Amino acid sequence: MNKSMLAGIGIGVAAALGVAAVASMNVFDRGPQYAQVLSATPIKETSKNPRQECRNITLTHRRAVQDENRIAGSVLGAVAGGVLGHQFGGGRGRSVATVAGALAGGYGGNQAQGALQDRDTYTTTEQRCKTVYDKQEKMMGYDVTYKIGSQQGKVRMDNDPGTRIPLDSNGQLILNDKA
């Protein structure tokens, strides 16, 4: 055998051994490229924001009564009733009619003044306010449970990752996908 043939066989054996060594190291087998997402639970925060809610209401007030006993109405009614009663009858009957007219007029004047005082009202508009709370939900992120091979893990992410999360060349999660 010549030297070049021996050199070729040596190089061939060395190459075969090298390929076998590389194959046993799994250099070309990179492992999984994605982690499988098992669950993604949304994390929400609820806040209550207070605000004033106001409305105008109309109030009816009764004016202050200056003659609570209704003396003016009673006196005016009695005078008018007495004058009117004096027009009827003669002698003692006239006196009875005058007294009866005065009594009836006094009672009627008292009642009339009371009705007028009850209707003597005025209205005002008042603003009434109360505090109400608006609820607002804010998405904080997602608690994600994932699986790489036979190992499980958890991570919080800003967005829903879908069904899988990409892995880098070291088998670590790529959480901020800026592709």
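Which residues does Gly-77 touch, not counting residues up to four places away in sequence? They are Gly-105, Gly-106 and Gly-109, where contact means heavy atoms within 4.5 Å. This is a predicted model, in which local features need pLDDT of at least 70, side-chain atom pairs count only at pLDDT 80 or more, and totals for chains, interfaces and linings use all residues. Residues are numbered from 1 along each chain as its sequence is written, and side-chain values use heavy atoms, with hydrogens and water left out.

Gly-77 is found in helix H2; helices (H or I, at least four residues) and strands (E, at least two) are DSSP runs, numbered from the N terminus. With a relative accessible area of 12%, Gly-77 is buried, a word that means under 20% relative accessible area, with exposed over 50% and partly exposed in between (1.4 Å probe, protein chains only). Between the C-alpha atoms of Gly-77 and Gly-105 there are 4.2 Å, although the two lie 28 residues apart along the chain.

Gly-105 leads to helix H3, where the buried residues include Ala-97, Gly-101, Gly-105, Gly-106, Gly-109 and Asn-110. The buried residues of H3 pack against S1 and helix H2 (71–86). Helix H3 covers residues 92–119, and its 28 residues should span 40 Å at 1.5 Å a residue; the end C-alpha atoms are 41 Å apart, which agrees. The expected span is 1.5 Å times one less than the number of residues in the helix.

The strands bring in the largest nonpolar core, made of 10 residues: Ala-35, Val-37, Tyr-142, Val-144, Tyr-146, Val-155, Met-157, Ile-165, Leu-167 and Leu-173. Such a core is a set of buried Ala, Val, Leu, Ile, Met, Phe, Trp, Tyr and Cys residues joined through side-chain atoms within 4.5 Å. Two or more of its residues come from each of strand S1 (34–62), strand S2 (121–148) and strand S3 (151–157). The largest share, 3 residues, is that of S2.

Beyond four places in sequence, Val-37 has contacts that include Val-144, Thr-145, Tyr-146 and Ile-165. Thr-145 lies in strand S2 and counts as buried because its relative accessibility is 13%. Leaving out residues up to four places away in sequence, Thr-145 touches Gln-36, Val-37, Leu-38, Ser-39, Gln-152, Gly-153 and Lys-154.

Arg-164, another contact of Val-37, has its charged end over the ring of Tyr-34, 3.7 Å from the ring centre. A charge sits over a ring if NZ of Lys or CZ of Arg is within 6 Å of the ring centre and within 35 degrees of the ring normal.
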